[in-house]
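User: Hey, I've got a structure open and I'd like to talk it through. Can we begin with the charged side chains?
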Amino acid sequence: MAKIVILTGAGISAESGIRTFRAEDGLWEEHRVEDVATPEGFAADPDLVHRFYNARRAAVTAAEPNAAHCALADLEADGRHEVLVVTQNVDDLHERGGSRHVIHMHGTLNGALCAACGHRWPAPAVMHRTDSCPSCGVPATRPDIVWFGEMPYRMEEIWTALRAADLFVSIGTSGNVYPAAGFVQDAVRAGVETLELNLERSSGTRWFDTARHGPATEIVPAWVREMLA
Ligand code: OAD
């Protein structure tokens with residue numbers, strides 16, 4: 001059974017109405033990334049950071065998975081390929097689209113994390129700085145999101161899957177944020193075939209054996225149809 005590792009980024013959720021990160025103004029939903037996506041930003045203004053992620057969580061709750069998420073779920077459900085989705089996205093649109101084998105390397109909006117003891121629990125719709133940890137009782141609750149300067153989750157597992165894969169596919173990511181941006185080079189070194197599916201050329205396009213460009217809701221279902229033909 002062919003093993004396929006699929007890396008996804010913000011571009012796969014763009015047509016579900018979730019904004020991508022690298023807008024031309026360099027801001028993320030009108031905020032500087034340093035203010036809302038770093039441990040230092042959280043320490044400086046936890047209320048702002050909670051408000052920011054509460055708004056992101058509400059936007060994701062109101063969004064629906066699109067044809068690209070659903071196509072990846074179909075590829076997995078078909079059973080002829082072993083599919084692992086590694087997503088940089090903190091939304092749950094892969095799961096709601098039907099994917100079962102998903103790693104959230106940058107965390108998830110659906111998670112709460114205690115900065116004091118490391119306990120994790122399902123995030124309520126609205127989180128506050130004063131929420132206390134259900135395990136240790138300390139009010140040090142933060143979103144379970146990997147911020148800049150922090151180590152992404154489950155990296156050993158991802159690298160092991162990548163090296164053992166037959167095909168690595170990168171969908172809707174600009175290739176600017178490491179370590180995910182380096183997966184294509186890791187795959188090439190391991191002799192794994194590589195395919196990019198993105199709206200436009202990314203920073204890493206030259207590393208891929210093949211690149212197809214267009215909106216995810218068109219090019220991802222088209223690729224899955226070919227795989228299942
Ligand atoms: P980016 O915003 O950097 O890149 C999104 C990519 O998707 C771009 O290359 C777009 O061309 C492409 N794109 C946009 N619309 C698309 C569509 N409809 N179909 C296909 N592709 C489309 O987002 P990421 O690469 O995911 O990290 O960003 C990586 C990480 O940087 C994020 O996980 C986040 C961010 O800062 C953390 O929060 C830790």
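Analyst: Sure. A salt bridge here is a side-chain nitrogen of Lys or Arg within 4 Å of a carboxyl oxygen of Asp or Glu. Keep in mind that this is a predicted model.

User: OK, so how many salt bridges does that rule give?
Analyst: The count comes to 11 salt bridges. One of them joins the side chains of Arg 19 and Glu 30, with N to O at 3.9 Å. Arg 19 and Glu 30 both sit in the loop between helix H1 (10-13) and helix H2 (33-36), so the pair ties together parts that are 11 residues apart in sequence.

User: And is Glu 30 buried or exposed?
Analyst: Glu 30 is exposed, at 56% relative accessible area. Its partner Arg 19 counts as partly exposed, at 40%.

User: Why would side chains like that pair up at all?
Analyst: Side chains of opposite charge can pair when their charged atoms come close.

User: Which residue does Glu 34 pair with?
Analyst: Glu 34 forms a salt bridge with Arg 32, and their closest N and O atoms are 3.3 Å apart. Glu 34 is partly exposed with 44% relative accessible area, and Arg 32 is partly exposed with 45%. There's a network too: salt bridges link Arg 32, Glu 34 and Asp 35.

User: What about Arg 96, what does that one pair with?
Analyst: Arg 96 has a salt bridge with Asp 92, where the closest N and O atoms are 3.0 Å apart. Asp 92 is buried, with a relative accessible area of 16%, while Arg 96 is partly exposed at 35%.

User: Let's zoom out. How many helices and strands does the chain have?
Analyst: You'll find nine helices and nine strands. The radius of gyration is 18 Å, close to the 17 Å that the globule rule gives for 229 residues, so the chain is as compact as a globular protein of that length. Along its principal axes, the C-alpha trace spans about 55 × 35 × 35 Å.

User: How much of the chain is buried?
Analyst: Buried residues make up 50% of the 229 residues. As for the outside, the chain exposes about 10800 Å², and carbon and sulfur atoms supply 52% of that area.

User: Back to charge for a sec. How many positive and negative side chains are there?
Analyst: The chain has 20 positive and 31 negative side chains, and the centres of those two sets lie 2 Å apart.

User: Now pick a residue from a strand for me. What's around it?
Analyst: Try Leu 109, in strand S4 (residues 107-114). Leu 109 is buried, with a relative accessible area of 3%. Leaving out residues up to four places away in sequence, Leu 109 touches Tyr 53, Arg 56, Arg 57, Val 60, Val 90, Ala 123 and Ile 145.

User: So where do contacts across the whole chain reach in sequence?
Analyst: Take contacts between residues at least 6 apart in sequence: 64% of them join residues at least 24 apart.

User: Last topic, the backbone. Which peptide bond is cis?
Analyst: The bond from Tyr 178 to Pro 179 is cis, with omega near 5°. Pro 179 lies in the loop between strand S7 (167-171) and helix H8 (183-189).

User: And what is phi of Arg 154?
Analyst: Phi of Arg 154 is near 60°, which is a positive value in a residue other than glycine. Arg 154 lies in the loop between strand S6 (141-145) and helix H7 (155-163), and counts as partly exposed at 43% relative accessibility.

Notes. Residues are numbered from 1 along each chain as its sequence is written. This is a predicted model: local features need pLDDT of at least 70, side-chain atom pairs count only at pLDDT 80 or more; totals for chains, interfaces and linings use all residues. Side-chain values use heavy atoms; hydrogens and water are left out. Helices (H or I, at least four residues) and strands (E, at least two) are DSSP runs, numbered from the N terminus. Buried means under 20% relative accessible area, exposed over 50%, partly exposed in between (1.4 Å probe, protein chains only). The radius of gyration is taken over C-alpha atoms; the globule rule is 2.2 Å times the number of residues to the power 0.38. Contact means heavy atoms within 4.5 Å. Accessible areas come from the Shrake-Rupley method with a 1.4 Å probe; for residues, only the protein chains shown count as cover. Lys and Arg count as positive and Asp and Glu as negative; His and the chain ends are not counted. The place of a charge is taken as NZ of Lys, CZ of Arg, CG of Asp or CD of Glu.
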